[in-house]
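Biologist: I'm new to this one. Can you show it to me and let me quiz you about the words you use?

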Amino acid sequence: MSLAVDRTALDRTAPPDPADVLARQAARESAARTYARTFRIVPVHARGMTVTGADGSRYLDCLSGAGTLALGHNHPVVVEAVQRVIERGAPWHALDIATPEKDEFTDALFAALPPGLAGHAKVHFCGPAGTDAVEAALKLARTATGRSGVAAFTGAYHGMTAGALAASGGVAVKEPMTGVAAEATRLPYPHAYRCPFGLGDASGEVSARYVERLLDDPNGGIVPPAAMILEAVQGEGGVVPAPLPWLREMRRITAERGIPLVVDEVQTGVGRTGTMWAIDAAGVEPDVMVLSKAIGGSLPLAVVVYADHLDTWAPGAHTGTFRGTTLAMAAGAATLRHVLAERLPERAEVLGRRLRAGLTTLASAHPSIGEVRGRGLMNGIELVEPDAAPDDCGARPAAPGLAVAVRAECLRRGLIVELGGRHDSVVRLLPPLVMTDEEAGAVLDRLDAALTAAEREHRA
């Protein structure tokens, strides 16, 4: 039998017919596919923030692999790191066996961690998705404390596996799965615009007081939990930054009660929010950090970093075949070092402020923008029905249909954005940290035009 490779398909230079590709994949893929339904494009080339489709159309990518591409597409630092591994013939796959690439990645990671945690931290390599790292973090806390419950928050998103889904807030994907939420106690996340208490800016203070009293109430119905898990900025929940005093209160409350604090930095980490880790802005250090997405330099990688006093689980307590491939570790190490060397978190903070100022200017011209919010280069605008009556906090009803139209109009104008938040009414902007001032201006211009077109259609 011949093992010769037919190189006809491999050597093709002409891009495929996008209509054919889209039709074939629609016919073969599952009903659960998501982005492919919304973005009817076939990317064939990408560099930095620009993606080129098979039909030659060019797009500014403000999705960035849901925050995975900290340095954008095909950054030279990442490409060089991957090529170096390939050229020296290193093993691409070694389970969790020691390799020089793993050692290099761990060095780069510990150099980037909050100093207090880095001095007594352990790292566990998980399966290559953030949801597996969440599962590992919860398993770690349950093993160390001997407790089982988890305290989690409204609006949260931690992944799609059973434990991570139980800690998440979205009802639609949990509803068909009987019993999936049994182990999670839901607590109110502070959100001034959609305040769970109807108190607006007092949301953070009241939430902290409620959480503390509920945990201490002998008739409150909460068995002491194994962990509290939170996001310092909720991403899928609608780009909702937690007030920094509230984060400090969560650290105090959990520390005083011996509850491990788990911070999910899957989307917020590696400079995204203007600090290396979103929790850094509050000046506190968690017991556990869950890391994925950008941590692998755009390749699949996920780890849990935690205080060494929690390291009580047995060998094999959490395993997985793809516990960090060599290529991802090399790409991740290169990305971490580049982000720190080039001070990209500071750049994200400065450019993020400019971007939010531009979005606020758009809000003055577009009454359908209910609120502009974000931190660093993790930003969003919540779209509302401008003619509807506001609630007690001044928020108008969400406009999910308008948000869908804005996303579509953005794509027509060469801008890739995604939705999130309650009713998917928040247009989210997650550009790479290497976005230029000129690209930021183009994003605002295209979004402005998309809003104008979508609002006109919505009114009609």
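Modeller: By class, the lining of the largest cavity has four nonpolar, four polar and one charged residues. This is a predicted model, where local features need pLDDT of at least 70 and side-chain atom pairs count only at pLDDT 80 or more, while totals for chains, interfaces and linings use all residues. Residues are numbered from 1 along each chain as its sequence is written, and side-chain values use heavy atoms, leaving out hydrogens and water.

Biologist: What makes one residue in that lining charged?

Modeller: Lys102 is in the lining, and Asp, Glu, Lys and Arg count as charged. Gly324 goes with the polar ones, because Gly is among the others left after the charged set and the nonpolar Ala, Val, Leu, Ile, Met, Phe, Trp, Tyr, Cys and Pro.

Biologist: Why is it called a cavity?

Modeller: Because on a 1 Å grid over the protein atoms alone, a 1.4 Å probe fits at its points but cannot get out; lining residues have an atom within 4 Å of a point. The search finds one cavity of 30 Å³ or more, and the largest has a volume of about 40 Å³, meaning the space filled by probe spheres set on the points, which are joined across faces, edges and corners.

Biologist: Now helices: why are H12 and H14 called roughly parallel?

Modeller: H12 (residues 344–365) and H14 (residues 437–459) pack at about 25 degrees. Angles under 35 degrees count as roughly parallel, so these two are.

Terms used:
1 Å grid on protein atoms, 1.4 Å probe; cavity = no way out; pocket = protein on both sides within 12 Å on 5 of 7 lines; lining within 4 Å. Axes fitted to C-alpha atoms, helices over the stretch in contact; angles between N-to-C directions. Helix = DSSP H or I, 4+ residues; strand = E, 2+ residues; numbered from the N terminus. Parallel < 35°, antiparallel > 145°, perpendicular 65-115°, else oblique.
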